[in-house]
Amino acid sequence: MVSYKDYLKELERIANDDMKKHIDIAPLENERELLDAELAKQNQENNELSVKFNELQNEYRKLKYQHEREENEKEQLERAERYRQQKQENARKAAEKERKAEEERKRIEQSNKWAEQGLCRHCGGKMGGLFTKKCKSCGKES
Ligand SMILES: [Zn+2]
């Protein structure tokens, strides 16, 4: 059986505990506000960094795109240059082949002319010898 006096004591104890809690909580509330402010500041900084990061990323993409475009243009120019050189080389080879064919044609024409005149078909020298005809200049048999 609880007496009235005990009951009051108990109430007083509870009230004191409650008071203590309030007293203890006050600095925590204060600290919470500071932390909230700090958090808000950090959020703001994060947002700013995020914006800056996006800007840098865009700048990077722009530079990368530009670089790739320049590389492509360079490659196309190099390809065009290689093509031009190859074409030039082919033309040179064709001209050389044509020149050699013309030389050979002239050589055969000259050789036939010498043979018709009874001369050495190799050098145009006079032929001699009794049984086998031999060139007096180059010594070759006709
Ligand atoms: Zn000869």
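Here is a quick tour of this chain, from its overall outline down to a few single residues.

What you're looking at is a predicted model. The predictor was confident about it: the mean pLDDT of the chain is 93, and 99% of the residues reach 70 or more. Among the elements, helix H1 has the highest mean pLDDT, 94, while strand E1 (residues 127-128) has the lowest, 91.

**The overall outline**

The parts list is short, with one helix and two strands. Reading from the N terminus, the order is α-β-β. With a radius of gyration of 55 Å, well over the 14 Å that the globule rule gives for 142 residues, the chain is more spread out than a compact globule. The box that its C-alpha atoms fill, taken along the principal axes, tells a similar story at roughly 170 × 30 × 20 Å.

Contacts fit into this picture too. Take the contacts between residues at least 6 apart in sequence: 0% of them join residues at least 24 apart. Burial is scarce as well, since buried residues make up 1% of the 142 in the chain.

**Helix H1**

H1 covers residues 4-116, which is 113 residues. At 1.5 Å a residue it should span 168 Å, and the C-alpha atoms at its ends are 160 Å apart, so the two values agree. There is a bend along the way, of about 25 degrees at Ile25, and a proline, Pro27, follows within four residues. After the helix comes Gly118, with a positive phi near 75 degrees.

How many of the 113 residues in H1 are buried? The count is zero, and H1 is hardly covered. Two of its residues make good examples: Glu70 is found in H1, and so is Ile108. A residue counts as exposed if 12 or fewer other C-beta atoms lie within 10 Å of its own. Glu70 has 10 such neighbours, so it is exposed. Ile108 has 11, so it is exposed too.

**Distances along the chain and in space**

The same two residues also show how separation in sequence plays out in space. The table gives one partner for each.

| Pair | Apart in sequence | C-alpha to C-alpha |
|---|---|---|
| Glu70 and Gly125 | 55 residues | 68 Å |
| Ile108 and Arg121 | 13 residues | 8.9 Å |

To wrap up, the picture is of a chain more spread out than a compact globule, with a helix of 113 residues that has zero buried residues.

Notes: Residues numbered from 1 in each chain as written. Predicted model: local features only at pLDDT ≥ 70, side-chain atom pairs only at ≥ 80, totals over all residues. Expected span 1.5 Å × (residues − 1). Bend = angle between axes of the 7 residues up to and from the residue. Buried ≥ 20, exposed ≤ 12 C-beta atoms within 10 Å, placed from the backbone. Rg over C-alpha atoms; globule rule 2.2 N^0.38 Å. Contact = placed C-beta atoms within 7 Å. pLDDT = per-residue confidence, 0-100.
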